[in-house]
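This note is written for a colleague who is new to the structure. The points below may be read with the sequence and the model side by side.

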Amino acid sequence: MVSDGERKKHALVIPFPMHAHVAAIYRFALQLASRGVIITLVVPAAEIPKMKKYEELQGLDFDFISYDETVTEVPLFPFHKIVDFASVLDQHFDPILQELKVRQTAGLPAPTCIIYDRFCTGVDVISEKLGVPYYTFFSCGAVFARYMQEAPRLLTKEGPFEVNEDGTLQRVDGPVNIPGLPPIPAPYLLADSFRTPHWRVRTGRVMQNAPAVIINTFYELEKPQIDEFRRQCAEQAAASGRKKSEVFLVGPLSDAATFKDRSFVSGAAQSVNDRAECLRWLDTQQPQSVLYICLGSWVKWDPVQVVELAVALEAAGVSFLWVLSSALEALPEGFEQRTREAGKGFIASGWVPQLQILHHASVGGFISHCGWNSCIESVSLGVPMLCWPQIAEQPLNCRYLVDEAKVGVEVGHFTFDGPALVRREEFESEIRRLMVDDEGKAIRSRVQQLKLNAHDAVAKGGASYRAVDELVEMIPF
Ligand SMILES: O=c1ccn([C@@H]2O[C@H](COP(=O)(O)OP(=O)(O)O[C@H]3O[C@H](CO)[C@@H](O)[C@H](O)[C@H]3O)[C@@H](O)[C@H]2O)c(=O)[nH]1
């Protein structure tokens with residue numbers, strides 16, 4: 001039995017095991033640990049070796065509890081498989097709780113809170129069984145948190161969409177109004193929500209009942225959403241007679257904001273061979289002249305788009321560093337050699353150190369799929385974006401970054417079936433718009449201001465730094 005004097009704050013941290021989700025929650029857990037909170041990570045067994053790579057880099061010793069020995073890989077395609085996987089935790093409560101008991105007998109203090117990735121369902125049940133609060137963690141931004149807050153209203157019978165017999169929603173094209181967001185064309189509102197509304201509604205409701213919501217963002221980047229998110233937290237709590245959720249902005253949870261030249265090799269990493277070479281190549285380029293192109297840690301390239309983009313890059317005559325981890329064979333004949341010999345292009349087929357690339361003085365623009373980590377890294381390092389969303393909440397991020405924050409321009413448009421085909425002419429004109437035209441320069445200067453804000457937020461005593469302190473205060477003993 002642990003006496004009151006010996007009680008410790010102990011967070012059970014439940015990541016969703018995909019690289020971009022893990023990276024953010026892990027860095028957040030490190031911040032809690034550095035303030036004396038005991039951390040136990042709850043992850044599928046197969047993920048532990050991958051996550052330990054992060055641990056080695058940081059030299060901190062977290063405890064792990066594993067579940068589901070049968071899973072070797074999180075299924076990524078199609079998207080509903082991820083949704084199915086998100087509920088896998090539901091089937092493993094009992095072994096997790098048993099393992100916790102065993103560890104308590106061996107001297108580990110009982111958990112005093114749960115911090116979980118907003119993808120995972122079932123956290124409310126574990127929290128009730130353990131008798132401790134749960135806090136919702138967003139590896140993505142407030143724009144998505146705002147959407148999730150609205151999901152229980154938007155995606156049910158009471159909402160603006162017709163519900164089909166199988167529970168899916170009927171597609172409409174018109175704009176949807178969500179306070180705090182610009183009117184959003186329906187496909188940009190997470191096309192997958194129309195196929196899996198139940199999951200979105202369930203995760204939205206669980207979040208609404210959390211006493212704390214933790215978001216990987218900073219105030220200046222998403223002011224309108226954050227203000228509205230907080231207002232809605234108060235309103236929804238008043239309507240249901242419970243205490244309102246406290247909102248903690250702890251971003252950017254990336255070394256980008258502290259300008260450290262460090263990169264992480266995760267389970268998603270294929271090869272580190274291109275690393276030094278691509279940076280050396282950047283050294284040969286003019287300041288702000290290179291367009292960096294990368295679609296995050298798991299999105300696959302469409303071979304048709306590889307051709308259209310390659311032709312556009314040559315026509316625009318802009319230097320580029322292109323991370324092409326799939327569909328390399330679709331490149332036009334001789335393209336790689338031609339552009340390399342002309343000193344215009346570098347193609348990396350493996351994992352690259354994105355932060356160091358964005359930090360490099362010759363990088364002047366970023367074709368990004370608008371995964372939230374890429375967005376916040378780009379902003380924190382002062383690089384404007386060509387936004388080309390592919391899946392998940394990326395279209396929503398794109399609309400906000402282009403229409404409100406004005407830190408990028410969009411290429412193509414998003415449909416219920418995914419990104420519309422972008423022709424070479426459109427790629428070429430949008431590349432020029434960002435890299436050559438005056439519009440690009442205006443965007444670059446706006447991003448520079450946000451870069452300073454990001455830096456201030458995470459500096460000692462800054463808003464994000466203090467938010468972590470305040471959350472630690474809130475965690476019970
Ligand atoms: O060669 C590479 C490729 C990627 N990265 C890093 O990998 C991360 C990629 O994260 P992100 O830009 O968020 O993209 P995804 O991997 O696609 O992220 C998933 O998770 C995000 C956070 O929840 C969501 O916003 C996205 O929609 C979802 O696809 C970033 O930190 C990059 O710096 C590298 O360092 N090197």
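1. A polar contact is a pair of N or O atoms within 3.5 Å; within protein, one must be able to donate a hydrogen and the other to accept it, and residues adjacent in sequence count only if both atoms are side-chain atoms. One such contact joins H369 to the ligand, with a polar side-chain atom of H369 lying 2.8 Å from a ligand oxygen atom.

2. The model is predicted: local features need pLDDT of at least 70 and side-chain atom pairs count only at pLDDT 80 or more, whereas totals for chains, interfaces and linings use all residues. Residues are numbered from 1 along each chain as its sequence is written, and side-chain values use heavy atoms, with hydrogens and water left out.

3. The ligand has 21 residues around it (a heavy atom within 4 Å). S297, V352, S374, E377 and E393 come nearest among these. A polar backbone atom of V352 is 2.6 Å from a nitrogen atom of the ligand. In the side chain of S139, an N or O atom is 2.8 Å from a ligand oxygen.

4. The domain assignment, which is automatic or taken from a database, gives domain 1 (4-255 + 458-474) and domain 2 (269-456). Taken over C-alpha atoms, their centres are 28 Å apart.

5. Contact, meaning heavy atoms within 4.5 Å, links 45 residues of domain 1 with 34 residues of domain 2. The two domains bury about 3300 Å² between them, 70% of it on carbon and sulfur atoms; this is the accessible area (1.4 Å probe) that two parts lose on being put together, summed over both. On the side of domain 1, R171, Y188 and L221 lose the most area to domain 2, together 22% of what that side buries.

6. Which residues form the salt bridge between R171 and its partner side chain? R171 meets D417, at 3.3 Å from N to O. The term requires a side-chain nitrogen of Lys or Arg within 4 Å of a carboxyl oxygen of Asp or Glu. Across the interface of domain 1 and domain 2 the rule finds one salt bridge, together with 12 residue pairs in polar contact (both at pLDDT 80 or more).

7. The structure as a whole holds 18 salt bridges. One of them pairs K223 with D227, the closest N and O atoms being 3.7 Å apart. Both residues lie in helix α8 (a DSSP run of H or I, at least four residues, numbered from the N terminus). K223 and D227 are four residues apart there, about one turn of the helix.

Technical notes. Helix = DSSP H or I, 4+ residues; strand = E, 2+ residues; numbered from the N terminus.
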